[in-house]
Amino acid sequence: MELQMAGRDTAPLPAAAATVGSLLEVRDLGVSFATKEGRAQVVTGLNYSIGEGETLGIVGESGCGKTMTSLSLMGLVPPGGRVTGEIRFGGRNLVDQSARDWRSLRGRDIAMIFQEPMTAMNPVMTVGRQIAEVLTVHEGLSTASAFDRAVELLEAVGIPSPNQRARDYPHQLSGGMRQRAMIAMALACKPKLLVADEPTTALDVTIQAQILDLILELQEDTGMSVQFITHNLAVVSELAHRILVMYAGRGVENAPAEKIFDNPLHPYTRGLIATLPDPDRKVDQLFVIPGSLRIQPQRGCRFASRCSLASEICAATEPPMLEVETDHFVACHKVTP
Amino acid sequence: MKPLLEINDVSIHFGMRGGLFQAGPTLRAVDNVSLSMNKGETLAIVGESGSGKSTLGYAVAGLRPPTKGSIQINPARPHSSGRDPVQIIFQDPFSALDPRMTVETIVAEPLRLAGVDLSNRRMRVTEVLEQVGMPADAAHRYPHQFSGGQRQRLAIARALIGDPELIVADEPLSALDVSIQSRILNLMGDIREKLGISYFFISHDFGVVRHLADRVAVLYLGRIMEVADADDIFATPSHPYTQALLAAVPRIGRGRRLRGSALKGEIPTPLNPPSGCVFHTRCPRATAICSTERPELLPAPGRSGQLSACHHKD
């Protein structure tokens, strides 16, 4: 299987040799919404970068802001949402760009795949035509040659009898095949960055393994970067070079994947790892993170009310993100260099 | 002593719609399944979507009669009418609770249908709410006022109120966030300990199964591929399908995955299952015999308690 790199001079990078140069730099990102009780800040002061050919895993539970972060990279934050800070991609700041600039970038330089392809695809249009549409809009291909290219793409993502499947409607495909078709659509214009929002959560483990394989394979072929969002640390450990853990709209820990798993430093990251039932080890009682994400203090560290290490300073001031060890960033008063 | 649950050669078939003068095809959701479980034991049923695990669970809960074979429950103690020894909890705690009823009405409904009077019902509601770790004042509130994890607690309370011996749990954790999952899992463990309840636990998550199950049955296209004590399934899986499922579970601390280890293909349609061993179309070990002869469920070499339906089992 091979995706041709026509018209682009980025040589395929070996996946491990990441972080040559940053493709994406997110600085002080904020996303907020107007509500009756004032502005709700769903993402605050978020910083991260993704190198060329690198995979960043963003991990957190429902409501941590990981999906809004991804949507802001696509210019798709819902109406009423305000995005502040900087999203630097290819030398320019995307935050202030016009709707027209977003349209030319979206799907071409940055593409996104979602948890449930059924909601992301048009139910009354065949799979082949939907993929072809991306190519006619962005690359100016004719309808016929775009359709032929769509069939090639379906084949490249491992869909059997791609010629017939291109003429099927989304509901006629199985969940795994739909996810493959959506990946084909996202990769139609060879994006530099693929944003994947829980793409395997709705799938069986065997199909999940196939989709993870597919993403790795396409990344090796094309050298694209990936931002992979999930609530499952085990899934992201299979793919990511680097991991950013989010809690209540903020980044709490950011480090290479092996550091996160070998030496997690933030109490929330430690809790998330400990709370996962391990298929290789039986324990009497699973670790439980007390409290709930829904109750957040107004000041100080957002995690303080659920943290066993919390003291006065945690309730008083917000901990800054510090480089505690080489290339290992943590926002916690109790973890210091 | 008789086992609590005996599933004897059960098949569940669905007739699909055909043409005007022709019968439709038959969907074999469950095919010649025999299982038994003892009192206090937790049996996990594992398999992909379309393996028939939920259909089997519904039959155990009495919600769907088997087409062939029998399901027998042997309660250890007498159950007055309406107090069914078997109860069920579902995957989605949002759709399982009627949004227009108060928690008290929802949780007490099995008793109301059995004709238990109001004051006794109320007493019992307070008791089971406490057992699932919910405050007593929850009784007068509505389902939408609770989070997903709390609603799953309410569903468990409703299952407990009739004092059952067996609870069929159909993927009770998959709709919950990871940090909530571990709480419900601990709760289910505590309840089993205190009340001596057995779980018929349907799941696709091996981490959860490892934690809760005493025995595990692996289902594929309606048939049992392997059944054994949980310790044996995890330590020495015998069937190639069990091995593939276990290998596909993402794990922390292995580093980035090695590409190409994933099981190929998808589960075929139960309308037209493969001949011989139903797994042979995806099996890395399949040979000629696998497509012609259905393997029997027999002990794995040297392990009499571990049954595996495979011509080339480990």
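Start where the two chains meet: in this predicted model, 33 residues of chain B are in contact with 39 residues of chain A. On the chain B side, helix 5 (178–195), helix 6 (206–212) and helix 8 (240–248) are the elements that give two or more residues to the surface touching chain A. Helix 5 of chain B has the largest share, with six residues. As for chemistry, that side of chain B splits into 13 nonpolar, 10 polar and 10 charged residues.

Helix 8 of chain B is a good one to follow inward from there. Its buried residues are B:P240, B:Y241, B:T242, B:A244, B:L245 and B:A248. And what covers them? Part of the cover comes from the other chain, since it includes helix 8 (205–222) of chain A. Chain B itself brings strand 3 (42–46), strand 8 (215–220), strand 9 (223–229) and helix 7 (230–235) to that cover. So helix 8 of chain B turns up twice in this story: among the elements on the side that touches chain A, and as a helix with buried residues covered by elements that include some from both chains.

Now compare helix 2 (residues 103–113) of chain B, where the buried residues are B:V103, B:I106, B:V107, B:A108, B:P110 and B:L111. Look at how those positions are spaced along the helix. An α-helix has 3.6 residues a turn, so residues three or four places apart point the same way. With that in mind, B:V103, B:I106 and B:P110 are worth picking out among the buried residues. The cover over the buried residues of helix 2 includes helix 3 (118–131) and helix 4 (148–161) of chain B. After helix 2 of chain B comes B:G115, which has a positive phi, near 85°.

Chain B also has an open sheet of three strands, in the order 2-1-4 and with antiparallel pairing. Strand 2 (26–37) and strand 4 (68–73) of chain B are the edges, each pairing on one side only. On average, neighbouring strands in this sheet are turned by 25° against each other, direction ignored. If you want to trace one of the pairings, strand 1 (residues 5–15) of chain B runs antiparallel to strand 4 of chain B over five bridges. One place to look is B:S11, whose bridge partner in strand 4 of chain B is B:K68.

Stepping back, chain B holds eight helices and 11 strands in total. Its radius of gyration is 21 Å, which agrees with the value near 20 Å that a compact globule of 314 residues would have. The C-alpha trace of chain B spans about 65 × 60 × 45 Å along its principal axes, and 48% of the residues in chain B are buried.

Chain A has 12 helices and 12 strands. With a radius of gyration of 21 Å, close to the 20 Å that the globule rule gives for 337 residues, chain A is as compact as a globular protein of that length. Its C-alpha atoms fill a box of roughly 65 × 50 × 40 Å, and 47% of the residues of chain A count as buried. Of the contacts in chain A between residues at least 6 apart in sequence, 64% join residues at least 24 apart.

How far should you trust it? Chain A has a mean pLDDT of 88, with 93% of its residues at 70 or more. The stretch to watch is residues 1–20 of chain A, where pLDDT stays under 50 even though the model has 34 contacts beyond four places in sequence for it. Where pLDDT is low, the predicted coordinates should not be read in detail.

Methods:
Residues numbered from 1 in each chain as written. Chains lettered and ligands numbered in written order. Predicted model: local features only at pLDDT ≥ 70, side-chain atom pairs only at ≥ 80, totals over all residues. Contact = placed C-beta atoms within 7 Å. Helix = DSSP H or I, 4+ residues; strand = E, 2+ residues; numbered from the N terminus. Nonpolar A, V, L, I, M, F, W, Y, C, P; charged D, E, K, R; others polar. Rg over C-alpha atoms; globule rule 2.2 N^0.38 Å. Buried ≥ 20, exposed ≤ 12 C-beta atoms within 10 Å, placed from the backbone. pLDDT = per-residue confidence, 0-100. Pairing = 2+ DSSP bridges. Axes fitted to C-alpha atoms, helices over the stretch in contact; angles between N-to-C directions.
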